[in-house]
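Me: I'd like to go through this one label by label. Can you take my "why" and "how do you know" questions in turn?

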Amino acid sequence: MSSNRLSFVISDDPPIRLDRAIARDVPEGAALSRTRLARLIAEGAVMVDGVTARDPKARVVAGALIDVTVEEAQESHILPEALPLDIVFEDADLIVVNKPAGMVVHPAPGSPSGTLVNALMHHCGDDLSGVGGMKRPGIVHRIDKDTSGLLVVAKSDAAHHGLAAQFAAHTVERYYRALVYGVPDANDPRLRGIKGASFEKGNVLKLTTQLARHKTDRQRQAVLFHGGRHAVTRARLVARYGTPEVLAQVECWLETGRTHQIRVHMAHAGHGLVGDPVYGGRRKLARGALSEAAAEAVATFNRQALHAAVLGFEHPISKEKLRFEAPLPDDFQALLDVLG
């Protein structure tokens, strides 16, 4: 297998740890993350002044000569599959897709095939230059199997590194459309009493909590206020449905991106998503609030009514500002149409 060797010198005032010093000074074009560099150190692919270094915590001084041997990307064990893809944008560095509801993003024990990654492996073919040392798409964020909408995927280490940094810094623009039970309105005194809920200008509901795996059901996320991971969701009322009003369409946007974040946050506020089998439940609506056809459509909607509608970010290579929008999928649009 062919390989490339990078050589560079540690500059002044380096971090104490070898992995941090290398991550700071490695040529930007190499696009090697600290995690990848730590793995290369463990594999014996890093030399300091001609001596192999295997401890990422080792001390390093300014002026040290670093040699890093990077093997050519290996073939992935994930099999390509000729599955349909709705491609919104693509260039040599990344691809933006509109994922349909029902498709898992990445292979897992319960979903070894038929995933977005399988489809991208087939579509991209030899265009994948390697992410983390493997020829595979770089997944920097995910949406749930039964959520539809926009995802950006890296085709190279450089793009993966740049996109991951933007997600970590919370600078990526992500807007979702959801249909929820009830109407989240600042005039509702009930919402004022929910811990973690507040309202901002423009009738924007802000939910601030910690999220962590549920203690007894590992498939669920739970709201916490001590421990867990910080999570912030905002939701703006778009439309109300029913007489009396029993449903609302909301636009949600993420300050953080945690597993099931919108679903669990809206349920915590008492406004679970229609069709959500985990957090939303099947609620009884006030008799006569909706037409018979609309009530039936709501009761039989077979997935969470959630769509990743807008995705905006800076291109990690060209630095161009990119913003994409995806219309509601047919099933979601048909549900709104019957609600009127």
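Reply: What follows is a set of questions about the labels, each answered from a value and a cut-off.

Me: What makes a feature count here at all?

Reply: This is a predicted model, where local features need pLDDT of at least 70 and side-chain atom pairs count only at pLDDT 80 or more, while totals for chains, interfaces and linings use all residues. Residues are numbered from 1 along each chain as its sequence is written, and side-chain values use heavy atoms, with hydrogens and water left out.

Me: How do you know how confident the predictor is in the chain and its elements?

Reply: From pLDDT, the predictor's confidence in each residue, from 0 to 100. The chain has a mean of 88, and 91% of its residues reach 70 or more. Among the elements, strand β18 (residues 321–325) has the highest mean, 98, and strand β8 (residues 134–135) the lowest, 51. Where pLDDT is low, the predicted coordinates should not be read in detail.

Me: Why is β8 called a strand with residues 134–135 alone?

Reply: Because strands are DSSP runs of E with at least two residues, while helices are runs of H or I with at least four; both are numbered from the N terminus.

Me: How do you know that the span of helix α4 agrees with what is expected?

Reply: The expected span is 1.5 Å times one less than the number of residues. For the 12 residues of α4 (residues 157–168) that gives 16 Å, and the end C-alpha atoms are 16 Å apart, so the two agree.

Me: Which residues of α4 are buried, and what do they pack against?

Reply: Buried means under 20% relative accessible area, exposed over 50%, and partly exposed in between (1.4 Å probe, protein chains only). In α4 the buried residues are D157, A159, G162, L163, Q166 and F167. They pack against elements including α2 (34–42), β7 (94–99) and β10 (148–154), where contact means heavy atoms within 4.5 Å.

Me: What makes H170 stand out after α4?

Reply: H170 has a positive phi of about 60° although it is not a glycine. H170 lies in the loop between α4 and β11, and its relative accessible area is 41%, so it is partly exposed.

Me: Which residue in the loop between β17 and β18 also deserves a look?

Reply: K319 is in that loop. Its phi is positive, about 70°, although K319 is not a glycine. At 46% relative accessibility, K319 is partly exposed.

Me: Why is the pair D25 and R24 called a salt bridge?

Reply: A salt bridge needs a side-chain nitrogen of Lys or Arg within 4 Å of a carboxyl oxygen of Asp or Glu. The closest N and O atoms of D25 and R24 are 2.8 Å apart, so the pair fits the definition. D25 has 17% relative accessible area and is therefore buried, whereas R24, at 37%, is partly exposed.

Me: What makes R303 and D331 a link between distant parts of the chain?

Reply: R303 and D331 form a salt bridge, with the closest N and O atoms 2.8 Å apart. R303 sits in the loop between α7 (292–300) and β17, and D331 in helix α8 (residues 330–339), 28 residues apart. At 3% relative accessible area R303 is buried, while D331, at 32%, is partly exposed.

Me: How many salt bridges does a search of the whole structure find?

Reply: The search finds 16. A network of salt bridges links E200, K206, R234 and E255.
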